[in-house]
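Let's take a walk through this model together, starting from one spot and widening the view as we go. Please keep the sequence and the coordinates open beside you.

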Amino acid sequence: MAEEVLLSSEKNSGRLTWSLLAVALLASFGSSMLYGYNLAVVNSPADYIKDFYNRTIVSRNGTSLDEEALTLMYSLTVSIFAIGGLVGSLMVGALVTRFGRKGTLVNSTVLVFIAGSLMVFSRACASLEMVIIGRFITGIHSGLSLSVVPMYLGEIAPKNQRGFLGLIPSIFICIGVFCAQILGLHELLGKEEHWPVLLSLVVFPTLIQLVLLPWFPESPRYLLIEKHNVPATVEALKWYRTAKCDIQLEIEEMQEEQRSLSSVNTLSVLELLTDRTVRWQVISIVVVNMGMQLSGIDAIWFYTNTIFENAGIPTAQIQYTTVGTGAIEVIAGLVGGFTIERLGRRPLMVGGFGFMGFCCAGITLALLLQAHVPFMRYISVGCVIGIIAGFCIGPAGIPFLMTAELFTQSHRPAAYTVAGSLNWISNFTVGFVFPFLQMSAGAFCYLVFCGICVAVAAYVYVVIPETKNKTFVEISELFAAKESAISGRLKLTKMNGYGTAPTQMRTDV
């Protein structure tokens with residue numbers, strides 16, 4: 001009878017409530033979606049922005065910029081978003097510890113309003129600096145939100161809903177890209193006079209978040225483990241769980257984690273990197289977060305228009321074809337979100353990276369043969385779509401979810417700082433290096449991405465355990481067992497002739 005009551009309590013506590021879904025949608029809509037939007041929004045008005053830069057320089061100096069200088073200025077406008085993202089990711093640990101998860105999201109909205117104001121008035125003020133600074137500030141906000149939103153949702157979700165809620169931000173990133181592609185069509189805001197408005201539309205989702213998110217509670221785990229506020233923890237859990245739910249079981253699980261961390265304060269990044277007890281967790285987030293960006297997805301987005309042009313798609317229709325790839329991103333993200341709790345994290349990661357690697361090899365073959373076999377042009381288009389779909393099903397969002405799941409409360413902020421920094425550095429590296437790699441290696445450059453995808457898939461399959469339906473303490477214990485097993489094998493290796501034990505045996509003889 002007691003077992004039946006316990007199972008009933010766990011079932012009720014694991015239900016997806018309207019309050020949980022609402023806060024996940026709101027936080028993702030006002031923060032995560034902006035990252036995807038800002039990634040894609042500069043593609044459509046690129047020529048208009050370059051022309052604005054050139055006319056501004058002419059009005060100031062009386063001379064125009066040459067093509068190389070103009071390209072450099074535009075490249076700075078695009079890439080400074082990633083530099084801002086790196087700055088934002090480095091601030092995550094300090095901000096979430098001081099203001100909390102929800103508090104950081106609410107307070108960071110001021111960055112979006114400042115950036116939006118700079119960009120929308122940049123043309124009227126004839127200031128190209130306002131555009132560049134605005135892009136930098138939006139990057140800072142995206143660097144924060146990419147880490148804080150998954151952390152917040154991972155902490156408020158029951159263990160059997162953590163995967164679904166954790167992938168909602170990645171779905172909204174895809175929606176953000178799709179919205180930027182649609183709004184950038186010539187029939188909508190893709191005209192010369194509208195590009196400042198197109199860049200600054202990010203303020204509207206953030207305004208909705210600023211008005212509504214403060215009404216939702218802070219993360220219960222943050223309130224209990226870091227603030228030691230039991231009454232606020234109880235109120236937050238009642239808000240996010242069903243009325244019939246016995247929250248005592250969940251509070252006891254948090255208190256168990258709190259007791260295990262009673263002598264440990266929130267770790268700094270240096271302390272995290274030197275803590276041998278979480279060595280494999282740190283290596284794992286390094287591999288999956290770097291692999292996410294080094295998989296070649298950014299390079300694919302960079303090369304999409306050229307591939308479609310080579311496939312014979314008329315130039316006037318390429319923008320609509322690109323919108324079609326954005327729709328595929330959203331569909332693939334939804335597939336991943338609705339299957340993660342059924343299939344688990346590892347199958348989606350291994351399958352996603354593995355399929356991307358297969359398609360990267362396919363696009364190399366298609367690009368090499370399409371001059372001789374016309375049908376290969378359409379294979380290259382299919383491989384582009386396959387890479388995008390494979391990425392959005394798993395690798396696009398699960399690395400952020402894994403960063404929340406693989407660490408306990410004291411290690412999590414520093415882990416997100418490390419993961420976010422590597423993510424943005426890798427993003428910037430691919431964007432900077434790919435054009436040179438493409439010039440030197442040609443179609444073979446995609447074999448580099450193929451190798452990375454296959455290597456990451458193999459690492460996830462061999463090293464990272466399935467975390468579905470497990471508490472944070474249970475996940476830590478799985479890695480502790482792995483560390484013990486590896487240490488045991490090392491000791492056995494020494495005993496077999498590589499350590500001091502054999503020498504002692506000979507002495508005894």
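Look for Gln-161 in the loop that links helix 7 (128-156) to helix 8. This is a predicted model, so what follows describes computed coordinates. Despite its place in a loop, Gln-161 counts as buried, because its relative accessibility is 15%, and the cut-off for buried is under 20%. If you search for Arg-15, you will find its C-alpha 7.6 Å from that of Gln-161, although 146 residues separate the two in sequence.

From here, step into helix 8, which covers residues 162-183. Its partner for our purposes is helix 17 (residues 315-343), and the two pack at an angle of about 175° with their axes 9 Å apart. Helix 8 and helix 17 are therefore roughly antiparallel to each other, since angles over 145 degrees fall into that class. The contact between helix 8 and helix 17 is made up of 14 nonpolar, eight polar and three charged residues.

Now go back along the chain to the loop between helix 6 and helix 7, where Ser-122 sits. Is Ser-122 buried or exposed? Ser-122 is buried, because its relative accessible area is 0%. Leaving aside residues up to four places away in sequence, Ser-122 touches Phe-52, Ser-127, Met-130, Val-131 and Trp-195.

Ala-126 belongs to the loop between helix 6 and helix 7 as well. Ala-126 is partly exposed, with a relative accessible area of 36%. Its backbone deserves a look too: the phi of Ala-126 is near 50°, a positive value in a residue that is not glycine. A positive phi also turns up at His-228, another residue that is not a glycine, with a value of about 55°. You will find His-228 in the loop between helix 11 (220-226) and helix 12 (230-240). His-228 counts as exposed because its relative accessibility is 56%.

For a stretch that is hidden along its length, turn to helix 20 (residues 398-405). Eight of its eight residues are buried, so helix 20 is largely enclosed by the rest of the structure. The buried residues of helix 20 include Pro-399, Thr-403 and Glu-405.

With those places in mind, let's zoom out to the whole protein. How many helices and strands does the secondary structure hold? It comes to 24 helices and zero strands. Of the 509 residues, 53% count as buried. The accessible surface comes to about 22,100 Å², and 67% of this area belongs to carbon and sulfur atoms. Among contacts between residues at least 6 apart in sequence, 83% join residues at least 24 apart.

Finally, how confident is the predictor? The protein averages a pLDDT of 81, and 87% of the residues score at least 70. Among the elements, helix 6 (residues 109-120) has the highest mean pLDDT, at 94, and helix 24 (residues 501-508) the lowest, at 41. Over residues 498-509 the pLDDT is below 50, and this stretch has six contacts in the model beyond near neighbours in sequence. Residues 1-12 also stay under 50, with seven contacts beyond four places in sequence. Where pLDDT is low, the predicted coordinates should not be read in detail.

Methods. Residues are numbered from 1 along each chain as its sequence is written. This is a predicted model: local features need pLDDT of at least 70, side-chain atom pairs count only at pLDDT 80 or more; totals for chains, interfaces and linings use all residues. Side-chain values use heavy atoms; hydrogens and water are left out. Axes are lines fitted to C-alpha atoms, for helices over the stretch in contact, and angles run from 0 to 180 degrees between N-to-C directions. Helices (H or I, at least four residues) and strands (E, at least two) are DSSP runs, numbered from the N terminus. Angles under 35 degrees count as roughly parallel, over 145 as roughly antiparallel, 65 to 115 as roughly perpendicular and the rest as oblique. Ala, Val, Leu, Ile, Met, Phe, Trp, Tyr, Cys and Pro count as nonpolar, Asp, Glu, Lys and Arg as charged, and the others, Gly among them, as polar. pLDDT is the predictor's confidence in each residue, from 0 to 100. Contact means heavy atoms within 4.5 Å. Buried means under 20% relative accessible area, exposed over 50%, partly exposed in between (1.4 Å probe, protein chains only). Accessible areas come from the Shrake-Rupley method with a 1.4 Å probe; for residues, only the protein chains shown count as cover.
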